[in-house]
Amino acid sequence: MLPIDYESDDYRFNKTLHMDVEVLPDEWNNKWDLQFENGDFKILSGTESLRNAINIAIMTRYEELKNPLYYPGFGCRIHELLKAKKTITVQKKIGYFCEIVLSEMRRIKRVNEIIVTNNPDKNSYKYTVFFNITSINDEIINGSVDL
């Protein structure tokens, strides 16, 4: 059985936000991978689980999961813009595609704000998407995804 911290406030008070296996980008080539702790998967619950689910939803290509019963239309269309020339229109589309993904998640009550930043850390080929959402249990959650 996977290790779960049943005593944490996040587990006790935010169970409606579910639990998930943590996925993070590595520091070298920004490939996302499962995280381990004490030889087993690292489990997140509550608000951390929701933040993790948002990252997964944004980083998954639109309809990449071929299970229409459980995941109809899951994923984000930002991958369509992968080789597009960097313009303000592309930046706005990234924000729009992310807003669609977040507004379709059942654990999110409202998308409060999405800000797409061009050239974060003077990196000319990247964008950063900052999000501020209200979860179904009225928690305000901030986070960001580097693209």
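**Entry 1: surface and overall make-up**

Accessible area here means the area found by the Shrake-Rupley method with a 1.4 Å probe. With that settled, I looked up the total for this predicted model, and the accessible surface of the chain comes to about 9,700 Å², of which 51% belongs to carbon and sulfur atoms. I then asked what share of the 147 residues counts as buried, and the answer is 35%.

For the secondary structure I noted 3 helices and 9 strands, which follow one another along the sequence in the pattern α-β-β-β-β-β-β-α-α-β-β-β. Turning to contacts with a separation of 6 or more, I found that 46% of them are accounted for by residues 24 or more positions apart.

**Entry 2: the sheet S7-S8-S9**

I next followed the open sheet that 3 strands form in the order S7-S8-S9, with antiparallel pairing. S7 and S9 stand at its edges with a single partner strand each, so one side of each is left without a neighbour in the sheet. From one strand to the next, I noted that the twist averages 20°.

As a reminder to myself, strands of a sheet pair through backbone hydrogen bonds, either parallel or antiparallel. For S8 and S9 the sense is antiparallel, and the pairing runs over 7 bridges. Within it I picked out two positions: asparagine 132 stands opposite asparagine 142 in S9, and phenylalanine 131 has glycine 143 of S9 as its bridge partner.

Which helices pack on this sheet, and which strands do they touch? H2 packs on it and touches S7, S8 and S9, its direction making about 35° with that of S9. Helix H3, residues 88-103, also packs on the sheet, touching S7 and S8, and its direction makes about 160° with that of S7.

I then read the side chains along S9 and found that they alternate. Ile141, Gly143 and Val145 point to one face and are buried, whereas Ile140, Asn142, Ser144 and Asp146 point to the other face and are not buried. Two residues from the bridge positions thus reappear here, with Gly143, the partner of phenylalanine 131, in the buried set, and Asn142, which faces asparagine 132, in the set that is not buried.

**Entry 3: salt bridges**

Side chains of opposite charge can pair when their charged atoms come close. How many salt bridges does a search of the whole structure find? It finds 3, and I went through them one by one.

In one of them, lysine 109 pairs with aspartate 138, and their closest N and O atoms are 2.2 Å apart. Lysine 109 lies in strand S7 (residues 108-118) and aspartate 138 in the loop between strand S8 (127-135) and strand S9 (140-146), so this pair ties together parts that are 29 residues apart in sequence. Lysine 109 is partly exposed, with a relative accessible area of 44%.

Another joins arginine 51 to glutamate 48 at 2.6 Å between the closest N and O atoms. Both residues lie in helix H2 (residues 46-59), 3 residues apart, or about one turn of the helix. Arginine 51 counts as partly exposed at 23% relative accessibility, and glutamate 48 likewise counts as partly exposed, at 36%.

I also noted the salt bridge of arginine 77 with glutamate 80, whose closest N and O atoms are 2.9 Å apart; arginine 77 counts as partly exposed at 36% relative accessibility.

**Entry 4: positive phi values**

I looked for residues other than glycine with positive phi, and aspartate 138 came up again, with a value of about 65°. In the hairpin of S8 and S9, to which this residue belongs, 4 residues stand between the strands. I also recorded glutamate 63, where phi is near 60°. Glutamate 63 sits in the loop between H2 and H3 and is partly exposed, with a relative accessible area of 38%.

**Entry 5: cysteines**

How many disulfides does the model contain? The count comes to 0. Cysteine 76 is in no disulfide, and the nearest cysteine sulfur, which belongs to cysteine 98, is 4.3 Å away. A disulfide needs the two sulfur atoms within 2.5 Å, so a pair at that distance does not qualify. Cysteine 76 is buried, with a relative accessible area of 0%, and for cysteine 98 I likewise found a buried residue with a relative accessible area of 0%.

Definitions and conventions:
Residues numbered from 1 in each chain as written. Predicted model: local features only at pLDDT ≥ 70, side-chain atom pairs only at ≥ 80, totals over all residues. Heavy atoms only, no water. Buried < 20%, exposed > 50% of the residue type's maximum accessible area, 1.4 Å probe, protein only. Contact = heavy atoms within 4.5 Å. Salt bridge = Lys/Arg side-chain N within 4 Å of Asp/Glu carboxyl O. Pairing = 2+ DSSP bridges. Axes fitted to C-alpha atoms, helices over the stretch in contact; angles between N-to-C directions.
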